[in-house]
Amino acid sequence: MGIKGLTKLLADNAPKGMKEQKFESYFGRKIAIDASMSIYQFLIVVGRSGTEMLTNEAGEVTSHLQGMFNRTIRLLESGLKPVYVFDGAPPDLKKEELAKRYSKRVDATADLASAIETGDKEVIEKFSKRTVKVTKKHNEDCKQLLRLMGVPVIEAPSEAEAQCAALCKSDKVYGVASEDMDSLTFGAPRFLRHLMDPSSKKVPVMEFEIAKILEELNLNMDQFIDLCILCGCDYCDSIRGIGGQTALKLIRQYGSIETILENINKDRYQIPENWPYQQARCLFKEPLVSENDEQLEIKWSPPDEEGLINFLVNENGFNLERVTKAVEKIKAAKNKSSQGRLESFFKPVASVTTPLKRKDAQEKVAKEAASKKSKRGSRKK
């Protein structure tokens with residue numbers, strides 16, 4: 001789920017903290033990618049028609065492999081340096097949210113069966129997507145594929161988005177790519193949405209910068225975390241009746257959830273029983289992440305051509321010619337991405353020009369205009 005309604009809240013109240021960027025503008029950048037979110041996207045989109053999905057001869061789904069393979073090559077060809085981060089064990093506080101998701105998939109499965117009986121293709125498509133779940137095998141398949149491609153893989157001890165944010169905060173990567181907004185709540189300095197969208201969508205990448213967001217909202221990081229909890233997150237229910245705009249107003253007025261709870265009308269806003277907002281806050285502020293340099297070694301290597309052919313062609317039924325051509329693309333892309341970004345070759349030169357005050361600037365413009373007029377007059381003579 002991420003943080004409910006946060007994108008719109010920021011667009012309305014902190015527009016300078018977000019900007020559209022071209023996909024190609026991230027040439028030479030190291031980007032931490034939430035792998036599970038990407039795999040989920042591939043499972044519901046790649047090669048899907050109704051309830052049918054891409055499979056190999058054994059009947060095993062391969063949509064995630066096809067999507068991960070093609071999308072990663074696209075990133076590499078554009079000179080980006082992807083680092084895929086996989087989820088570990090979820091925090092106990094998230095188990096209720098995961099139980100809700102499971103219940104929704106069960107309901108969607110029943111609705112899908114009814115839709116198949118009636119033959120309504122549109123309804124079949126809708127409920128079919130709702131039954132999708134990223135499994136351990138999907139994750140292991142993608143880890144194997146990425147390692148064979150020579151792309152770094154990091155296994156987080158808990159939440160992948162928290163680990164991505166930690167990599168960004170320690171300057172090991174430029175930004176974090178995901179679709180859920182939790183990365184900002186975990187304190188990622190730069191967060192990218194739509195980076196993993198297919199090129200056919202032609203959607204610009206939306207880059208969020210947490211420092212500018214906090215400045216525009218006039219909040220500190222602790223207050224921003226409380227705002228996100230009030231909006232609704234994966235770790236606890238929100239207060240019914242308090243949406244994004246109300247949450248922002250209350251945080252600005254009272255500064256923290258504790259003070260809000262002391263002052264809001266309890267008849268109008270019903271606070272959930274045993275509301276674990278403090279534990280949720282702790283998970284956002286001090287998440288379980290790896291800080292072991294050996295485990296976090298980010299290193300790209302040449303693709304294992306023989307390994308890729310065996311895994312994709314022999315085991316999963318991919319076309320040999322396409323895989324061979326793709327390997328050549330990976331090799332060429334890695335040579336290209338070894339070039340540094342242009343800005344790394346130049347040091348910024350400090351400006352020594354003193355900005356003019358408005359009055360001085362107006363006088364300067366007037367003097368220049370008078371000088372030009374004088375010169376024109378002398379030429380006429």
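## The chain at a glance

Here, a residue counts as buried when its relative accessible area is under 20%. By that cut-off, 46% of the 381 residues in the protein chain are buried. Keep in mind that this is a predicted model.

The protein chain has 16 helices and seven strands. Look at its contacts with a separation of 6 or more, and 71% of them turn out to link residues 24 or more positions apart. As for the outside, the accessible surface of the protein chain is about 21,400 Å², with carbon and sulfur atoms holding 49% of that.

## Helix H1 and its cover

Let's start with helix H1, residues 6-13. Its buried residues are Leu6, Leu9, Leu10 and Asn13. Viewed down the axis of H1, these buried residues fall within an arc of 95°, so they line one face of the helix. That fits the usual helix geometry: with 3.6 residues a turn in an α-helix, residues three or four places apart point the same way.

And what covers the buried residues of H1? Two strands are part of the answer, S1 (18-21) and S7 (205-209). Helices H8 (182-185), H9 (210-217), H10 (221-231) and H11 (244-254) are among the covering elements too.

## The sheet

The seven strands of the open sheet come in the order S1-S7-S6-S5-S2-S3-S4, and the pairing is mixed. S1 and S4 (153-155) are the edge strands, each pairing on one side only. From one strand to the next, the twist averages 30°.

At the S4 edge, S3 (residues 81-86) and S4 run parallel and are joined by three bridges. To find one spot on that pair, go to Tyr84, whose bridge partner in S4 is Val153.

## Helices on the sheet

Helix H7 (residues 160-169) packs on the sheet, where it touches S2, S3, S4, S5 (175-177) and S6 (190-193). The direction of H7 makes about 165° with that of S2. Helix H3 (residues 63-77) lies across S2 (30-34) and S3, and runs at about 140° to S3.

H3 also packs with helix H6 (residues 136-149): the angle is about 35° and the axes are 10 Å apart. The crossing of H3 and H6 is right-handed. Which residues meet there? From H3 come His64, Leu65, Met68, Phe69, Thr72 and Ile73. Facing them from H6 are His138, Asp141, Cys142, Leu145, Leu146 and Met149.

Note on methods
Residues are numbered from 1 along each chain as its sequence is written. This is a predicted model: local features need pLDDT of at least 70, side-chain atom pairs count only at pLDDT 80 or more; totals for chains, interfaces and linings use all residues. Side-chain values use heavy atoms; hydrogens and water are left out. Helices (H or I, at least four residues) and strands (E, at least two) are DSSP runs, numbered from the N terminus. Buried means under 20% relative accessible area, exposed over 50%, partly exposed in between (1.4 Å probe, protein chains only). Contact means heavy atoms within 4.5 Å. Accessible areas come from the Shrake-Rupley method with a 1.4 Å probe; for residues, only the protein chains shown count as cover. The arc is that of the directions from the helix axis to the C-beta atoms. Two strands pair if DSSP finds at least two bridges between them. Axes are lines fitted to C-alpha atoms, for helices over the stretch in contact, and angles run from 0 to 180 degrees between N-to-C directions. A crossing is left-handed if the near helix is turned anticlockwise from the far one by less than a right angle, and right-handed if clockwise.
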